[in-house]
Amino acid sequence: MFFGRKSRAERLKERAESRAVIPLGTLAAAYAGARPLLERLLYDDDLRDNIRTFIEAAHNILQELSGERPAEVVARLWDDDKLRRQVETAAGAAKQGSRRLRGERVREGGSGKWLLLLLGAGAAFLFLNPKTGPEARRLAREAYSAVTG
């Protein structure tokens with residue numbers, strides 16, 4: 001030993017003589033890294049719901065598509081709205097679950113803004129379109145005068 005330090009050969013010999021398959025430091029590091037994930041799995045009800053939703057949707061998709069050729073699967077995904085919704089549900093649950101597992105914030109809902117935007121765009125299209133605009137504006141004037149008068 002040189003000033004309290006071990007040579008590389010001595011460290012290798014000790015490591016070879018130890019009977020542990022996995023060093024204790026490695027296990028401690030793995031536990032420290034996995035602990036937050038395990039706690040989220042145990043205590044986050046929304047994460048468990050995401051996992052459950054993903055598994056159920058994936059199971060339903062597998063039942064629907066078992067035994068079909070790839071061309072038939074693509075055709076079914078293209079034509080079958082129910083199957084497409086199941087795929088979207090599974091993908092959404094997986095996305096939310098992975099965000100929750102990483103500890104990121106997940107926004108719930110949020111479709112109200114999009115609905116308002118779509119309604120506004122539809123109304124603007126009706127009122128500003130040269131073919132439907134004059135009639136839509138006339139009906140809006142009549143409805144407004146009926147409500148206020």
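Trainee: How many salt bridges does the structure hold?
Mentor: Keep in mind that this is a predicted model, where local features need pLDDT of at least 70, side-chain atom pairs count only at pLDDT 80 or more, and totals for chains, interfaces and linings use all residues. Residues are numbered from 1 along each chain as its sequence is written, and side-chain values use heavy atoms, with hydrogens and water left out. A salt bridge here is a side-chain nitrogen of Lys or Arg within 4 Å of a carboxyl oxygen of Asp or Glu. On that basis, the count is nine.

Trainee: Which side chain does E39 meet in a salt bridge?
Mentor: Look in helix α2, residues 24-43 (helices are DSSP runs of H or I, at least four residues, numbered from the N terminus). E39 and its partner are four residues apart there, so about one helical turn separates them. E39 is partly exposed at 34% relative accessible area (buried is under 20%, exposed over 50%, partly exposed in between, with a 1.4 Å probe and protein chains only). The N to O distance is 3.0 Å, and the partner is R35.

Trainee: What is the N to O distance between D49 and R52?
Mentor: These two sit three residues apart in helix α3 (residues 45-65), so they are about one helical turn from each other. D49 is partly exposed at 35% relative accessibility, and R52 is partly exposed too, with 43%. Their side chains meet in a salt bridge at 2.6 Å.

Trainee: And in helix α7, which residue forms a salt bridge with E142?
Mentor: Helix α7 covers residues 133-148, and the pair is four residues apart in it, which means a separation of about one helical turn. E142 is partly exposed, with a relative accessible area of 41%. The closest N and O atoms are 2.4 Å apart, and the partner is R138.

Trainee: Which residues are linked with E64 in a network of salt bridges?
Mentor: Side chains of opposite charge can pair when their charged atoms come close. Here the network links E64 with R76 and D80.

Trainee: Which residues gather in the patch of positive charge on the surface?
Mentor: Patch members have over 30% relative accessible area and no salt bridge, and like charges are joined within 9 Å. R5 is one of them; its place is in the segment before α1 (8-17), and at 64% relative accessibility R5 counts as exposed. The full patch is R5, R8, R11 and R15.

Key
Patches are made of residues with over 30% relative accessible area and no salt bridge: like charges are joined within 9 Å, nonpolar side chains (Val, Leu, Ile, Met, Phe, Trp, Tyr) within 5 Å. Accessible areas come from the Shrake-Rupley method with a 1.4 Å probe; for residues, only the protein chains shown count as cover. Lys and Arg count as positive and Asp and Glu as negative; His and the chain ends are not counted. The place of a charge is taken as NZ of Lys, CZ of Arg, CG of Asp or CD of Glu.
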